[in-house]
Amino acid sequence: MNRYIIKKTLFSILTLLIVVTLVFFMLRAIPGGPFTREKPLPEATRERLEEAYGLNEPLLIQYFTYMGNLFTGDLGPSFRKPAYTVNELLATGIPQTAKIGLIAVIFIIVLGIPLGVISALKSNSAIDYGVMIIATIGITVPSFVIGSLFILLAQKVSWIPVGGLTTPITYVGPVVALAGYSLAFVSRLTRSSMLEVLRQDYIRTARAKGLSESKVIFKHALKNSLIPVITYIGPMIAALMTGSFVVERIFVINGIGKYFTESITARDYTLVIGVTLFYAVFYIIMVLLVDIAYSFIDPRIRMTK
Amino acid sequence: MDKNKFNFLKQEQKLDKEQTRKSLTYWQDVWRRLKKNHLAIVGLVSVIIIILFATIGPLINPYKYNSQYLDYKNIPPQLNIYKLDDDLYVFMSEMYHLILVTEDGALVQRFDLAEEDRDLVNRIYTYRLYDDQNNEIAVVAVDFTYQTDPIKRLEGIKFSLTYEDVEYKEIHDRVWNKTFILGTDKNGRDMLARLMYGTGVSLIIAFTAAVINFFIGVLYGSISGFFGKNVDIIMMRIVDIINSIPLLLYVILLMVVLKDSWFEINVLDKIFGAGGLGTIIVTLISVYWVGMARLVRAQVLGLKEQEYVLAAKTMGVSNNKIIQKHLIPNALGPIIVTMAMMIPTAVFTEAFLSFIGLGISAPRASLGSLANDGASFMQTYPYQLVIPSLTIAFMMLAFNFLGDGLRDALDPRLRKG
């Protein structure tokens, strides 16, 4: 068991190192440095800037300096917003993004799983079809479409202020747009996995020995059918907490998603690396946690490893 | 029993008794199963409609995706027209361009508004219409004080039109735009033409990415699965590492690196034409082959233990032949399903990239970049956002239905719930 966790952790760290290296060299391969502007800077200024940021050193030394700084948690200064370091920008952005993400995650778990269970228990009924039609639409309509349509609607009704996160009602739009896809996916996944489990022999055994229907469902069926759902939810949490570029842009929220898209258009490379790393770390940690949680829920996994 | 009671049957009668059914090939069987699935057929028909829309559509539509009609900027699909005379109907755009229209909504000519005709103090603009010989035909004075004057504001209109000393406040009719069916964008380009073009670009990206992905994934996965041992371990570790990073991040990062790079300008743009089409395709391929490779490997791993592979090996068939003739055809079902599902994913990712400003650059367009352009003017011109958005959603639905149906038809074992 411990060996399994250690192995997984080491692999995650290795992955992270590779990601950092990859991102570092990828960005160095871009033609023109961060100080290449449309109007060229004077030679002397550019040299002094490069010296200040350590860009005149050989590539390998730059790499090790960057990695050294990284281990102390320093992501370097932002190239285009010289007054801020990347750490400061991240620190202001993360809470905004996390708030929306967290609410969306809760919303999905509280709504998605029960919807899936209900439509599995009442399969082929009107409720089932209704839930599945909505779920299919949720999966196929991109979040920016949901978000934009929501804003249009909000303006028609004009009692929902658009943009920013001020009153509780302003959270509705971003959360719906962000959660839409995953909510639909979770309820579909729960449904199909629940249907699968309900056909198993041990469910028949449980019914045969006279357990009440609620016990059969909650104790035997639900627990087992949640395994694939948990596998999906782990990375999903990471994706929701971080991957809200579009939603943040539409609803004008100053989260890291917005910084990320802005830093891309502004070619602010340190900020790009910083945000990417944050995303990657968060994602990898979530996947690792799911792996570990998985081995607790499903004993078959740790037996084979 | 008396032997004579038995008669020989005639040849034809004999045949009748036997259960004869034409044997179906695998693909006939797939088609039979697919036909039974109504949603899949709806999806298939929709996909065909989308493809026709993007290919034949531009031939029928008289406007080109990049022609600009500067007199008719931001004209919506539905026009509020005013009737000023028996044969004088006008439409006022949100940009306050006054346009002469026919009664059923075809655009005829834009009124001129000279600098000296803008009375900024009294907020009355005088629009003039000229014929070919530059003779003045009609003069319309537009009173904008309904937006500023405290008493006039109560009427809830934005302006009134005065023609031959009669003031018109009421909208005569709401008619559909007959010239530009879906309206025009901020540069006066026909939305329908742009939509057709954008759909085409999105489809090209998706299909190219899916096909190339297929080849890379099959090559990588079958090599890894077939040779096993260390080759497999190393190849699958690489896949694991790629897989443990959110794919979207990768895509974005790659787009940033490739955008305006030497590679894009000298290689990709030469192949696919300017505007970053090639960059998106390359980016999508370099990320999404992973899933395909994994799937093929799993398939090959399962199949290579089968007896017929052993038999082929004993007969001395070369490895290449075994992969080509035995493993790939048998693994084809799930592979095709994955490929079909790859198409909506690619459309989605492309739309997303274009939406955050990393995709196709103007004057070329994709569905995502159209939605992105529309999003900036969402408040004033909602149709510019809604039309491409609905098209994306429709396309996603169609491909998903078809993909789900194909999955059930190609490989009934994978059928869910």
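**Reading a two-chain model**

Modeller: Let's open with confidence. Among the elements of chain B in this predicted model, helix H3 (residues 38-55) has the highest mean pLDDT, 90, and helix H1 (residues 11-17) the lowest, 62. Here pLDDT is the predictor's confidence in each residue, from 0 to 100, and helices (H or I, at least four residues) and strands (E, at least two) are DSSP runs, numbered from the N terminus. Residues are numbered from 1 along each chain as its sequence is written, while chains are lettered from A and ligands numbered from 1 in the order in which they are written. Because the model is predicted, local features need pLDDT of at least 70 and side-chain atom pairs count only at pLDDT 80 or more, whereas totals for chains, interfaces and linings use all residues.

Colleague: What is the mean pLDDT of chain B as a whole?

Modeller: First the general idea: where pLDDT is low, the predicted coordinates should not be read in detail. Chain B has a mean of 80, with 94% of its residues at 70 or more. For the complex, the predictor gives a pTM of 0.78 and an ipTM of 0.71.

Colleague: Over to chain A. How many helices and strands does chain A have?

Modeller: Count the DSSP runs: chain A has 13 helices and zero strands.

Colleague: And how much of chain A is buried?

Modeller: We call a residue buried if 20 or more other C-beta atoms lie within 10 Å of its own, exposed if 12 or fewer, and partly exposed in between, with C-beta atoms placed from the backbone. Of the 305 residues in chain A, 35% are buried.

Colleague: Which residue other than glycine has a positive phi near 50° in chain A?

Modeller: That's A:Val252, in the loop between helix H10 (245-250) and helix H11 (256-265) of chain A. A:Val252 counts as partly exposed because it has 13 C-beta neighbours inside 10 Å. Chain B offers B:Asn74, with a positive phi of about 50°, in the loop between helix H4 (57-60) and strand S1 (78-85). B:Asn74 has 19 other C-beta atoms within 10 Å, so it is partly exposed.

Colleague: How many residues does each chain bring to the contact?

Modeller: Two residues are in contact if their C-beta atoms, placed from the backbone, lie within 7 Å. On that basis, chain A brings 37 residues and chain B 33. On the side of chain B that touches chain A, helices H7 (247-258), H11 (319-355), H12 (367-376) and H13 (382-410) of chain B each supply at least two residues. H13(B) gives the largest share, eight residues.
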